[in-house]
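Hello,

Here is the structure I promised to pass on to you. Please open it first, and then read on for what turned up.

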Amino acid sequence: MTVTGTGEVQPRERTFFGQPRVLANLFGVELWERFSFYGMQGILLIYLYYEADRGGLGIDEATATSIVGAYGGAVYLSTILGAWTADRLFGPERVLFGSAVLVMAGHVCLAVLPGLAGVAAGLVCIAVGSGGVKATATSLVGSLYAADDPRRDAGFSLFYLGINVGALAGPLLTGLLQQNAGFHYGFALAAVGMAIGLTQYAFGRRRLTGAAREVPNPLPPARRPLVAGAAVAVAAVIGVVVLTGVLPAERLATAVVVISAVAAVAYFVVILSAGTVTGVERRRMLGFIPMFLASAVFWSLYQQQFTVVTIYSDQRLDRTVLGWEMPVSWVQSINPVFVILLSGAFAALWTRLGSRQPSTPAKFTAGTIVMGVAFLLFLPLAGGGPNSAPLLALTGILLVFTVAELLLSPVGLSLATKVAPATFRTQTVALFFLSVALGTAMSGVLARYYSAEHEAVYFGALGAAAVLVGAVLAALTPLIRRLMGGVH
């Protein structure tokens, strides 16, 4: 109970760990969406290339990694679609709810539809749906707080804890079910998880009002038929390409790389040539270009957790613990554990250093180089044969993956908001997501060249390339800082 200035006793506001109560609903839907997303992704690749007698589809590994890379890139491409529909058509709350429904439908398709039909329908739904969730969930959390609310940072920390709890639990449970009952049961569990998240969110979504339901920049009614027609045309083209086999599955990741690269170039041209962009803003965007490229390189290695590292865990890793062989997908839960343990330490470090902390270009440089070092750490394990790589060694390598991630990933979106021109704030954030889309799709392209026989060359070449890119970025850092004009 609280007492007002007039002496009137009022009931104390119910909160969620001291945060607005509705944060619990957003926390829950994001936790279960990440549970289903990473749970499914933990078993997706092996489902594609395992033989039929092991419950898989028997696709060759190169094609399977291309599909996974293309799907991962499409998730980040879809954030642009999610942001646009939220800004122009429906508002963020409705887009979040509809996107979550689409994610659940995708997992249901994977669970109940046999063969490649289930894969195609499921991955399209999940990619578009997850992109919509990514585009809206964070902004909805922000809408719960006034600009000067001291609870804001703690609220976001709690929200991101939910993300990593879901990413940790998903591969553990779906992998265990897959190993003991079959792939479709694992996919079904992902669908059940998303259904739980949707159910709890539905009970509290009415409390999301104001900016959460507003359409910031409504599309004029006269233009809606044109947009609808364009959407139908794009869907028809994609359908024809898929059904006719014009674009083979083994080239899907390459196609997403090309689309992401073209979209990024177009974004940069539009922003840099816009008359509403000031000279200072234009110089900052020029300084953002090498950071964009470094981000793409980073994600092209980091996202191989879902392609090459999965194959490595299946074929090269000794997963026996006390006489029991753990599921392949459990390796995907190692990174979230480290993120949960280390993210607070990194945040405290940057806070303690304050103005003395490394600049954003320096953090990007370190993240890119450390990611390259992580790949080079595979070299002592190369050529050992099946089940020869110790689990502890791979755990250590994934710890280095996590350190690289925490040096680069959390500051990437922050950088995009800092350098964004006033008239292109949302588009600049979408531009950063394009670097993630480009790198994620590239992880599928690169994985085609991995094999146990040539893994020393593979890990050595990619690790050295990332270190070189980091060194170039370090050399460019003084110029980048001058272009960014005061952005630390």
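Leaving aside residues up to four places away in sequence, L286 touches L272 and L483. Please keep in mind that this is a predicted model. L286 sits in helix 9, which covers residues 279-302. Its relative accessibility is 38%, so L286 counts as partly exposed, since that class runs between 20% and 50%. If you want another reference point for L286, try F268: the two are 18 residues apart in sequence, and their C-alpha atoms are 8.8 Å apart in space.

The partner L483 deserves a visit too. L483 belongs to helix 15, residues 455-484. With a relative accessible area of 22%, L483 is also partly exposed, because the buried class is reserved for values under 20%. Again not counting residues up to four places away in sequence, L483 touches R283, R284, L286 and G287. For a sense of distance across the model, L483 and G229 are 254 residues apart in sequence and 42 Å apart from C-alpha to C-alpha.

Next, a pair of helices. Helix 1 (residues 23-49) packs with helix 6 (residues 183-204) at an angle of about 170 degrees, and their axes are 8 Å apart. That angle makes helix 1 roughly antiparallel to helix 6, because angles over 145 degrees are given that name. What kinds of residues make up the contact of helix 1 with helix 6? They divide into 16 nonpolar, nine polar and one charged.

While you are in that part of the sequence, have a look at G162. G162 lies in helix 5, residues 152-181. Is G162 buried or exposed? At 0% relative accessibility, G162 counts as buried. Beyond residues up to four places away in sequence, G162 touches F27 and L31. G162 and L26 are 136 residues apart in sequence, yet 9.4 Å apart in space, C-alpha to C-alpha.

S333 is another residue to find. S333 has its place in the loop between strand 7 (324-325) and helix 11 (334-353). With a relative accessible area of 3%, S333 is buried. Residues up to four places away in sequence aside, S333 touches A167, L168, P171 and L172.

Now for the empty space. How many cavities of 30 Å³ or more does the structure hold? There is one, and about 40 Å³ of space lies in the largest cavity. The residues that line the largest cavity are Q41, V68, G69, G72, Q303, F306, T307, T440 and S443. Helix 2 (61-90) and helix 14 (425-447) are the elements that give two or more residues to this lining. The largest share, three residues, comes from helix 2. By type, the lining of the largest cavity divides into two nonpolar, seven polar and no charged residues.

V258 is worth a stop as well. You will find V258 in helix 8, residues 252-273. V258 has a relative accessibility of 47% and so counts as partly exposed. V258 and A441 are 183 residues apart along the chain, while their C-alpha atoms are separated by 9.3 Å.

Finally, two backbone details in loops. Which phi value does L322 have? Phi of L322 is near 55 degrees, a positive value in a residue other than glycine. L322 is placed in the loop between strand 6 (320-321) and strand 7. Its relative accessibility of 88% means that L322 counts as exposed, because the limit for that class is over 50%.

N387 also has a positive phi, of about 55 degrees, although N387 is not a glycine. The loop that holds N387 runs between helix 12 (360-376) and strand 8 (389-390). At 43% relative accessibility, N387 counts as partly exposed.

If you only have a few minutes, I would suggest starting with the contact between L286 and L483, then moving on to helix 1 and helix 6, and ending at the largest cavity with its lining residues, Q41 and V68 among them.

Happy exploring, and best wishes

Terms used
Residues numbered from 1 in each chain as written. Predicted model: local features only at pLDDT ≥ 70, side-chain atom pairs only at ≥ 80, totals over all residues. Heavy atoms only, no water. 1 Å grid on protein atoms, 1.4 Å probe; cavity = no way out; pocket = protein on both sides within 12 Å on 5 of 7 lines; lining within 4 Å. Points joined across faces, edges and corners; volume = space filled by probe spheres on them. Helix = DSSP H or I, 4+ residues; strand = E, 2+ residues; numbered from the N terminus. Nonpolar A, V, L, I, M, F, W, Y, C, P; charged D, E, K, R; others polar. Buried < 20%, exposed > 50% of the residue type's maximum accessible area, 1.4 Å probe, protein only. Contact = heavy atoms within 4.5 Å. Axes fitted to C-alpha atoms, helices over the stretch in contact; angles between N-to-C directions. Parallel < 35°, antiparallel > 145°, perpendicular 65-115°, else oblique.
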